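Please find below a note on one helix and its surroundings. The points are numbered for ease of reply.

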Amino acid sequence: MCFVFRRLCVGKMTAQEVRLCALLLREHFGEVVEKVGTHLLRSGAQNLRTIIHETGISLDLVKKSLCVLMQHGTCVYSSGRKGPGSPTEYRTTYDLILRILRYPRYIYTAKTLYGDTGELIIEELLQRGHMTMSSTVKTVADRLTQNMEEGRSMDYNEVTSAFSKLVETHFLQRCPPMMATTTTTTTTTDTATPATPATPATPGTPAAPPTPESFPDCYKVPHVTLTGRGKRQLSSEDGEDQRNAKRAKLDSETHGDEGIYWQVNFERFHLHFRDQAIIGAVANKLDQTSSEIVRTMLRMSEVTTSPTATCTKPLSANEIFRSLPTTYNIPRPILDQYLTLLVDDPMEFVGKAGESGGGMYVVNLHRSLANLARATLESVVQERFGSRSARIFRLLLRKHHLEQKQVEDFAMIPAKEAKDMLYTLLSQNLVQLQEIPKTPDYAPSRTFYLYTVNQLPTARMLLQNCYKTVANLIERRLFETSNSKRLLEKSQRIEAILASLQASGAEPEQLTEVEEMITASEKQQLESLRLHINKLDSAENQVDETIFLLESYINSTATSTS
């Protein structure tokens, strides 16, 4: 959280970050919100009057745009930097906006851990920014009932149970309560969310947004009086008035959680992704049993370990043995051998912290992230420049500083090839050249020229390339969709007609007649478009995994040095 605040206060966005954020805002919220959001990214904290003046957008649209951004947690506000009475200022940062890119992964993780109910709960909260528990339960129950067989429905209690589990494991959290700002000028706080206020700032310094964890009831589930089952939507046009009447009745009902809003805890999801990356790396490097031991250690230390800690709390071998899943019938001597193997592994996933209790062990979180980032860099070099260049890159990572002749000898590559590869890597900023003169005049004959790899700057450069790649993928997807807009709209209309006819019990001949409204060539074109869009979506998700790994590594170095 401290790193996010640092980026809120200082630091400029790169061109690739702003471009990607603009594409995400436009795709999810429209062009007006995109214009306001990118203006705040480039300009930093600004008050309402300045935003209106510099963007040329009307007061009403700017207010609505800010409300949308705050509703989804991508914008925060605080009292002005000039002290009490100064206008409220709004700011955003790329960290908050780029979480939109990871929405599919959040939803898929919830589905994996808590089934369809957990998936829909997270999906609803991501779509709406924040909701009350009762509203979420009713909406999710209705959606689940809609997909069930006729005569079946989802009980509210089942959805409430899944919601409570998500809160217990901290994947959901309460929005911080609304805090008054010291301004008396026109702001959007009357329609803004309760999720993103900031504490009053001292003159000249922006206020840090309060974290949900700073409030005692952050993970306390309220007692909700909600009984019943999900209801199916009425498909007939005649039922529109009936639906509106029911909706008005539901809105007027009280369930005991009015004013208590919930949001997705992105940091908790990120910790889960980090743990899964470490577990997957252990499984690939060693075996499934080793990964299960590391999984057990991470699960045992979830509550006791700080999100920014360099390693987990020490765990004794006895505790680990007792906490292993019953399906893994590992004898104690074999467990000791596995722990010794993990400690001795060059990747240093697990470290030894003492000898009491049969040995005290920790999972090296930051060191694991550094090694995973290093493996990612090596993989990129191998894919782009070949195995021999990757051999040179790995050699420089391990030896740190080498002359060209040493690189040739250690890597066992002919001098001409090694020279070409080093210069290629140097031109791509993957390798750096350091000059160490013997004399002050820097004469070439009396200067050592050492090649080296600086992992952190290289990871930052690769991260920017990943942002550029994702932005290109999104632009391509939007281009493909806009080119086939007429065909997609026609397909959607026909699907809606078919669904309506099936619901009313139409004859098969009628259904066939409607289906034939799309020609064979159009069907082939639609199938080709869907395959292409699916490939682009899959590529976005794969690049996002690399982005998350590199961001986690860069953030871990920031927290280690702060």
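**Note on helix H18**

1. Ala418, Met421, Leu422 and Leu425 are the buried residues to consider in H18; buried means under 20% relative accessible area, exposed over 50% and partly exposed in between, with a 1.4 Å probe and protein chains only. These residues cover an arc of only 100 degrees around the axis, which puts them on the same side of H18; the arc is that of the directions from the helix axis to the C-beta atoms. An α-helix has 3.6 residues a turn, so residues three or four places apart point the same way.

2. The model is predicted: local features need pLDDT of at least 70, side-chain atom pairs count only at pLDDT 80 or more, and totals for chains, interfaces and linings use all residues. Residues are numbered from 1 along each chain as its sequence is written, and side-chain values use heavy atoms, with hydrogens and water left out.

3. On the other side of H18, Lys416 and Ser427 are exposed. The buried residues of H18 pack against helices H15 (365–385), H16 (387–399) and H17 (404–411), and against strand S11 (447–452); contact means heavy atoms within 4.5 Å.

4. H18 comprises 13 residues (415–427), which should span 18 Å at 1.5 Å a residue; the end C-alpha atoms are 18 Å apart, which agrees. The expected span is 1.5 Å times one less than the number of residues. After H18 comes Asn429, whose phi is positive, near 65 degrees.

5. The protein has 22 helices and 11 strands, taken as DSSP runs (helices H or I, at least four residues; strands E, at least two) numbered from the N terminus. Of its 562 residues, 46% are buried.
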